[in-house]
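Trainee: Got a minute to walk through this one with me? I'd like to go topic by topic.

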Amino acid sequence: MAGLSNLTLHETADRLARGECTSEDLVRDLVAAIEQRDGKVGAYVWVNVEDALARAREADAARLGGDRRPLLGIPLAVKDVLNVKDQPCACGSRILKGYVSPYDATAIARLREQGAVFLGRTNMDEFAMGSTTENSALGVTRNPWDLARVPGGSSGGSAAAVAAGEALAALGTDTGGSVRQPASFCGCVGLKPSYGRVSRFGLTAYASSLDQIGPMTRDVRDAAMLLQAMAGRDPRDSSSVEIPVPDYSASLRNDLNGMKLGLPREYFIAGTDPEVERAVRAAVEQCRALGAEFVEISLPHTPYAIATYYVVATAEASANLARFDGVRYGARVEGEDPIDMYGKTRAAGFGREVKRRIILGTYVLSSGYYDAYYLRAQKVRTLIRGDFEKAFAGCDAILTPVVPTPAYRIGEKADDPLQMYLGDIFTVTANLAGICGLSVPCGFAGAGLPVGLQILGPAFKEENILRVGYAYEQSTEWHLRKPNLES
Amino acid sequence: MKYLPTIGLEIHVQLKTRSKIFCGCPNEPGGEPNTHVCPVCLGYPGTLPNVNGEAIRLTVLTGLMIGCRINPYSKFDRKNYFYPDMPKNYQISQYDKPLCLGGSVEIEVEGRKKAVGITRIHLEEDVGKSMHFGSSSGVDFNRAGAPLMEIVTEPDIETPEEAQAFLLALRQILLYGGVSDCNLEQGNLRCDVNCSVRPEGQSELGTKIEIKNMNTFKGVFHALKHELPRQEEVLRSGGAIRQETRRWDDEKGVTEAMRSKEYAHDYRYFPEPDLMPVVLPPETVEQWRATLPELPAKRRDRLVTEYGLPDYDAGVLVADKAVADFFEETARASGNPKAASNWVMTDVLRCLGEKQTELKDAKLTSVSLAGLIRLVDQKVINVPTARELFSELFEKGGDPTELVKTKGLAQVSDTGALEAYADEAIAENPGPVADYRAGKKPALQFLVGQIMKKSRGKANPRMVQELLQRKLGGA
């Protein structure tokens, strides 16, 4: 039953409900698409064919028995950083070779309760550190819109799978833009929930105070649907918050009447690709036409965001990644004594970017440097959060570009980490402030490379950004375009 | 020249909680290796800690017992270092905002009372245990994530005797609060000692030596008895103390250098992002304060006034909370506190000592001991019979009244029966009878003994004595 692999989740759910296809058909179609295209794209690192088919058949039987769970039998792709019981979880690293998860992440468990099937694991920058997926030890992922370009990162495999029709939807994680940026590069929808909205239990930590799990989908309704299933307090994650989860689909409307949107002058700056800026400006006009009112706002501490992010994130990472030592799981290189074994295991197991960030993080926490770096970064972080609090006192959401440029060529920035870090300028602030952000397709630049519009909302106001994203998306056709992978 | 020692202690206490500090695994160190473990306490990728409220309550309770200020806002931090027994290669601990600050513990050494200041009490997770087998090593993570409370003293301790007295006093308080089992063999209490010496007259403290990880109070005492003179000797001979960590070798009776502090770890503490700060509203602290047990010092005073016990007796009884509880229950149930105190201080403590057991494991209950006391008070049995019965109650348990019945141990107070025994005894022992009548008073005891024998121990000795005196004349 060809064509199923390009449907959205809600269309798929409708077809399943009407009996027009089965879950088994879906899995078979997706597996066929993966077989046909993933050799070029490289989105997946592991596909769960037999088990996914078995679960799909179970779901089909349950549906016949009257089971109406919204995600029953719907296959999803999962970033290789999230623990799914009995599946590998290598985090794009050699050091977790052979590790099989003994448990489900809470987000996974909640999706499983809704009937979802976990089709396979997508490629990523090692331990989510990177913006191109080039830092994976498990292979290269290419942008389905231009195979010479990166899909973005770190959730590059998830974005590429959705864009290439190899997944209906996928899960990513976003620490400094890792859902929104690849969504922008690959022309799909990416949602980073507010910090504390989705449990991090089972998300292999990069930077604990910044990480969030987010959906990567073909449209905004699908993002709302997945967020609905995952959101809410989890007693196993102390940072998850006891704030009621609204019905997100209820916020999806076709107009923006009464919505006040902010345009931060610090996000429309020299250095942004003119075609990106043109696309975003056009999206602003479209939102105005849909009834939104615009205000110019200022987020004055934006220039310090990148430095702040790379201090906080690497500090936390240096501790979070200490557990990969070869003692209890994963790869081990034997040594003379435990310390020698650690050194050899970690030297062989981690890639360059991970080592760079561990060293950076270790440095900023070191005695004598802590106050100058880590403590100061935390203070600036408070100022950045304050910027957004002030801004949101006067608007319901903020519109910005997601990334200053379209997708990079493979290898283009691999030797220039600083340039690469600067590409995160528009996305890291949402993580530092703990607010929510959405990337939706808003046009194409150059030779047909997707451009994303970022919609930022106040903490725990995902309904605001979903509403803006939905109304905008439904009034345009950018999200309906597909890359041509046949040639 | 005289040298003055300065000693401070860091005591790690394993808290008595049902589950570990950050996961639901049972808090039962020991058992088959790696059976009380889960992805969280093994530090698996993606797992997160979730703090056990009971561990916080027990730490605060300890703080309240020793007069600490309870921090209304405290937090957890990561202490970073690599070691195979530590699953995450960082330990979740508390750095600059511990749960409790200040406080003191009173000690008494050679009649001199003194308060040892407490700097802070914080909460952290325990690590696993490395095990070495010939050519390979293993780690048992059953203990990893056990809740550990660290109590840090001020450098107020001046002698090994004071250090030991402090540890005993602290242990007593912890047992009173039900905070820890304080079982030294099982490592429930582990102690690091910081000590230095300085010449008398010098105000600046000497260079500090840390002696790590001792789990007996005797070890602390002996280590200090060895280490302080060693430091003095180094200084006397013109040498200098190098700041270092030493290990106490119990068998050799010496301390040995472990590692020099010059290579001290930089632990790179930073706030634990996975845990929210611990905010303790005053109401919660007050609620907990209301549940505080009566502490040993106060209890001793009360035993003196309430039960009329001598100071010394009260001191012996309160030394162990279980013993003091047992005494009070027995005193109340028997209505005879003096007898209860005598039984507990002599027979109960002796049997516990002989059997190397604790009250909670003994068959003897306060109800049965009180029953025994009442039987004596009501003259149903005499004291020697009661002693015999006690041994049985201690070992096998049971109801003393029932035992007296089934064994026919009731004392003979029937004057007819006693008179018959007395007449027999007088007839059979003319010698002692003549002696007594000639004024040799001790001869009477011999005759009493004969009657006791005839009654197989059941005669009421006082009645026998009166009877004999009456029959033989004289007082």
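**Cysteines, helices and salt bridges**

Mentor: Sure. A search over all chains turns up 0 disulfides. Keep in mind that this is a predicted model.

Trainee: Which cysteine sulfur is nearest to that of B:Cys38, then?

Mentor: That of B:Cys25, at 3.6 Å, and B:Cys38 is in no disulfide. The cut-off for a disulfide is 2.5 Å between the sulfur atoms, so a 3.6 Å pair doesn't count.

Trainee: Is B:Cys38 buried or exposed?

Mentor: Buried, with a relative accessible area of 18%. B:Cys351 is buried too, with a value of 4%.

Trainee: Switching to helix H1 of chain A. Which residues are buried there?

Mentor: H1 covers residues 9-18, and the buried ones are A:Leu9, A:His10, A:Thr12, A:Ala13 and A:Leu16. Looking down the axis of H1(A), they fall within an arc of 155 degrees, so they line one face of the helix.

Trainee: And what do the buried residues of H1(A) pack against?

Mentor: Four elements of chain A: helix H2 (23-41), helix H3 (49-64), strand S2 (75-79) and helix H7 (220-230). Just after H1(A) comes A:Gly19, which has a positive phi of about 75 degrees.

Trainee: Okay, salt bridges. How many are there over all chains?

Mentor: The count comes to 66. A good one to look at is B:Asp347 with B:Arg387, where the N to O distance is 3.2 Å. B:Asp347 sits in helix H8 (residues 337-355) of chain B and B:Arg387 in helix H10 (residues 383-396) of chain B, so the pair ties together parts that are 40 residues apart in sequence.

Trainee: How buried or exposed are those two, B:Asp347 and B:Arg387?

Mentor: B:Asp347 is buried at 4% relative accessibility, whereas B:Arg387 is partly exposed at 43%.

Trainee: What about B:Asp249, what does it form a salt bridge with?

Mentor: B:Arg247, with the closest N and O atoms 3.7 Å apart. B:Asp249 is buried, at 13% relative accessible area, while B:Arg247 is partly exposed at 38%.

Trainee: And B:Asp361, which residue does that one pair with?

Mentor: B:Lys360, and there the closest N and O atoms are 4.0 Å apart. Both B:Asp361 and B:Lys360 are exposed. Chain B also has a network in which salt bridges that share partners join B:Glu294, B:Arg299, B:Arg302, B:Glu306, B:Lys321, B:Asp325, B:Glu328 and B:Arg332.

Trainee: New topic: surface. Which residues form the nonpolar patch?

Mentor: A:Tyr363, A:Tyr369 and A:Tyr373, with about 280 Å² of accessible area together. Of these, A:Tyr373 is found in helix H12 (residues 371-392) of chain A, and it is partly exposed at 34% relative accessible area.

Trainee: Now going inside. Where is A:Pro215?

Mentor: In strand S6 (residues 212-217) of chain A. A:Pro215 is buried, with a relative accessible area of 0%.

Trainee: What does A:Pro215 touch, leaving out residues up to four places away in sequence?

Mentor: Its contacts include A:Ala170, A:Leu171, A:Val179, A:Val189, A:Leu191, A:Leu226 and A:Met230. For scale, the C-alpha atoms of A:Pro215 and A:Glu35 are separated by 24 Å, and those residues are 180 apart along the chain.

Trainee: Last thing, the backbone. Which peptide bond is cis?

Mentor: The one from A:Gly153 to A:Ser154, with omega near 5 degrees. A:Ser154 is in the loop between strand S3 (117-122) and helix H5 (156-163) of chain A.

Trainee: Why flag that sort of thing?

Mentor: Because most peptide bonds are trans, and most residues other than glycine have a negative phi. On the phi side, take A:Phe460, which has a positive value near 65 degrees. A:Phe460 lies in the loop between strand S11 (449-457) and helix H15 (462-474) of chain A, and it is buried at 17% relative accessible area.

Trainee: And B:Lys379, what's its phi?

Mentor: Near 60 degrees, again a positive value in a residue other than glycine. B:Lys379 is in the loop between helix H9 (366-377) and H10 of chain B. B:Lys379 is partly exposed, with 48% relative accessible area, whereas A:Phe460 is buried.

How values were computed:
Residues numbered from 1 in each chain as written. Chains lettered and ligands numbered in written order. Predicted model: local features only at pLDDT ≥ 70, side-chain atom pairs only at ≥ 80, totals over all residues. Heavy atoms only, no water. Salt bridge = Lys/Arg side-chain N within 4 Å of Asp/Glu carboxyl O. Buried < 20%, exposed > 50% of the residue type's maximum accessible area, 1.4 Å probe, protein only. Helix = DSSP H or I, 4+ residues; strand = E, 2+ residues; numbered from the N terminus. Arc of directions from axis to C-beta. Contact = heavy atoms within 4.5 Å. Patch = residues over 30% accessible without salt bridge, like charges linked within 9 Å, V, L, I, M, F, W, Y side chains within 5 Å. Areas by Shrake-Rupley, 256 points an atom, 1.4 Å probe, with all protein chains shown as cover.
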